[in-house]
Amino acid sequence: MRILAHGIGVVRALPIPAVYFYVGAVLVLVISFVLLFALWRRPLLEASADGRGLPDPLSRILLSLPLRVVLGAFSVGLWVLTLATALFGTRISLLNFAPTFIYVMFWLGIPFLSVLFGNVWSSLSPWRAVADSVVWFLELGGREARPVLTWSGAWGRYPAAGALFAFVALELTKPQPDYPRTLAIAMALYSYWAWAGMAIYGRDAWTRSGEGFAVMFALLARIAPFAAREGRVVIRWPFTGLAGDDRTRGALVFVAVMLGSTSFDGFSRTSRWQDLITSLHGNLADSSQRTVDLATMGVNLAGLVFFIAAILATYLAAVALAEKLGGVRRSLIPDFVLPLVPIAAAYMVAHYFTLAVIQGQFVIPLISDPFGRGWDIFGTVDFAPNLALVSPQTVWYVQFCALVVGHVAGLAIAHDRAVVIFRDTRRSVEAQLPMLGLMVLYTSAGLWLLSRG
């Protein structure tokens, strides 16, 4: 996002040269790779994925219907408020509640909660809450709520990937993506997509495969140390939920949208890309603003698609080489998709840390004046956000640590899966070298983007 605060500038005064960070990140990955083979000889993640149940009274409270109803009502209320402010509030983005809520509290806040506490979106989704309410009223009247069609699963997660792509395309390609009226239209269209899909294919099927945010948050929730299992909340080691493979069609494309969009966001803020956009505007100086905006969107969209395709191409190349070195005669594409999830989470932390910390403070005055009409409902309208809350050096260290931890976690998850697939130690080592190379590539590219953004 370009209008809302997206960062606090390029880090120029690090205590050591930036190249040392590159070398350090690569060394951490290589050393982790060696230690994994020396100490991790059998699959461990799947055996720990079930976790241990929390006390029954606590589980019953956390999974209770009253709590779900309260959270659902709260989320629907926020949805109504956000849509109302986007439609009828001030057109100035920084004074309107909708842009900050959508791009900061929702887009960054829910992934953070998901990684910490599990799939909280299952209770916070306003679309699911409304659908559940409709079903409840129908059944209360003696009618049976049944989907129009049976979900065959043939489309896999491609519908969800398309929905997520539409959102990131709005955020990253459109000039002024935080314009409130634009967000109102986007909210209406996405709500139609969510509710129409649930009505046609059923709530559970569409939530698993068609509702882009639900699929994304559920994937990120597999990192969390908490999960719901058979009507009970369990606690487990972090990342164990990512054990195994994912043979759902479209899973790789969906994760590629997550990774590629964040990567393009970083690249779009480099001087190289900004020079390209400036040159484009110069060539269209005599054209209408509409033509300039459409051309800018077209170039940005091409860049976004290129980065998503690059993620797919590099992953497929690494897997193909792993298949060859490992002597495997079946596709390994589904086996190493889930190790990309912690990398996607790390990219989100690295790229959006400053946006969350700085722009997130603006919610405090906005809750008192969500429409930008000069109100002071809760007495917080005069709150002054601290724009110097974190230093550029602190930001860089957080970004560096997030990328390294995410890639080491991905490497460990991939190794755990490889131990299952490859029984021969030599073949196992050789087959995982391409995945190590992929992690080094993604880490180096991520650091480069952050140092140039």
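This section describes the pockets, the cavity, the nonpolar core and the salt bridges of a predicted model.

We may begin with open space. The largest pocket holds about 1200 Å³. Its lining is made up of 38 residues, and G118, N119, V120, S122 and A228 are the ones nearest the centre. Two or more lining residues come from each of α4 (65-88), α7 (121-124), α11 (203-209), α12 (212-221) and β2 (226-229). Among these elements, α12 contributes the most, with five residues. The lining is mixed in character: 19 residues are nonpolar, 10 are polar and nine are charged.

The second largest pocket has a volume of about 830 Å³. It is lined by 33 residues, with F101, I102, F106, W121 and W127 closest to the centre. Helices α4, α5 (97-106), α6 (109-117), α7, α8 (126-140), α9 (158-173) and α10 (180-201) each give two or more residues to this lining. Here α10 gives the most, namely eight residues. For anyone thinking about chemical character, the lining of the second largest pocket counts 29 nonpolar and four polar residues, and no charged ones. The lining of the largest pocket, by comparison, includes nine charged residues.

Enclosed space comes next. The model has one cavity of 30 Å³ or more, and the volume of the largest cavity is about 50 Å³. Around the largest cavity stand W107, L164, V168, M216, M258, S261, T262, A344 and M348. At least two lining residues come from each of α9, α13 (251-267) and α16 (340-359), and α13 has the largest share, with three. Seven residues of this lining are nonpolar and two are polar, while none is charged.

Some of these residues reappear in the nonpolar core. The largest such core comprises 109 residues, and those touching the most other members are W107, W121, F213, M216, F254 and Y315. Both W107 and M216 also line the largest cavity, and W121 is one of the residues closest to the centre of the second largest pocket. Beyond its neighbours within four places in sequence, W121 makes contact with F106, I110, P126, W127, E211, F213, A214 and F217. Of these partners, F213 is itself among the core residues that touch the most other members, and F106 and W127 are also listed as close to the centre of the second largest pocket.

Charged side chains complete the picture. Side chains of opposite charge can pair when their charged atoms come close. There are 13 salt bridges in the structure. R128 takes part in a salt bridge with D132, with 3.0 Å between the closest N and O atoms. These two residues are about one helical turn apart, because they lie four residues from each other in helix α8. R128 also meets D204 in a salt bridge, at 2.9 Å from N to O. This second pairing joins distant parts of the chain, since D204 is in helix α11 and R128 in helix α8, 76 residues apart. R128 is buried, at 15% relative accessibility, whereas D204 is partly exposed, at 42%.

A further salt bridge links D335 and R330, whose closest N and O atoms are 2.8 Å apart. D335 is buried, with 0% relative accessibility, while R330 is partly exposed at 35%. Both belong to a network of salt bridges that also includes E46, D245, R247 and R417.

Technical notes. Residues are numbered from 1 along each chain as its sequence is written. This is a predicted model: local features need pLDDT of at least 70, side-chain atom pairs count only at pLDDT 80 or more; totals for chains, interfaces and linings use all residues. Side-chain values use heavy atoms; hydrogens and water are left out. On a 1 Å grid over the protein atoms alone, a cavity is a set of points where a 1.4 Å probe fits but cannot get out, and a pocket is an open set with protein on both sides within 12 Å along at least five of seven lines; lining residues have an atom within 4 Å of a point. Grid points are joined across faces, edges and corners, and a volume is the space filled by probe spheres set on the points. Ala, Val, Leu, Ile, Met, Phe, Trp, Tyr, Cys and Pro count as nonpolar, Asp, Glu, Lys and Arg as charged, and the others, Gly among them, as polar. A nonpolar core is a set of buried Ala, Val, Leu, Ile, Met, Phe, Trp, Tyr and Cys residues joined through side-chain atoms within 4.5 Å. Buried means under 20% relative accessible area, exposed over 50%, partly exposed in between (1.4 Å probe, protein chains only). Contact means heavy atoms within 4.5 Å. A salt bridge is a side-chain nitrogen of Lys or Arg within 4 Å of a carboxyl oxygen of Asp or Glu.
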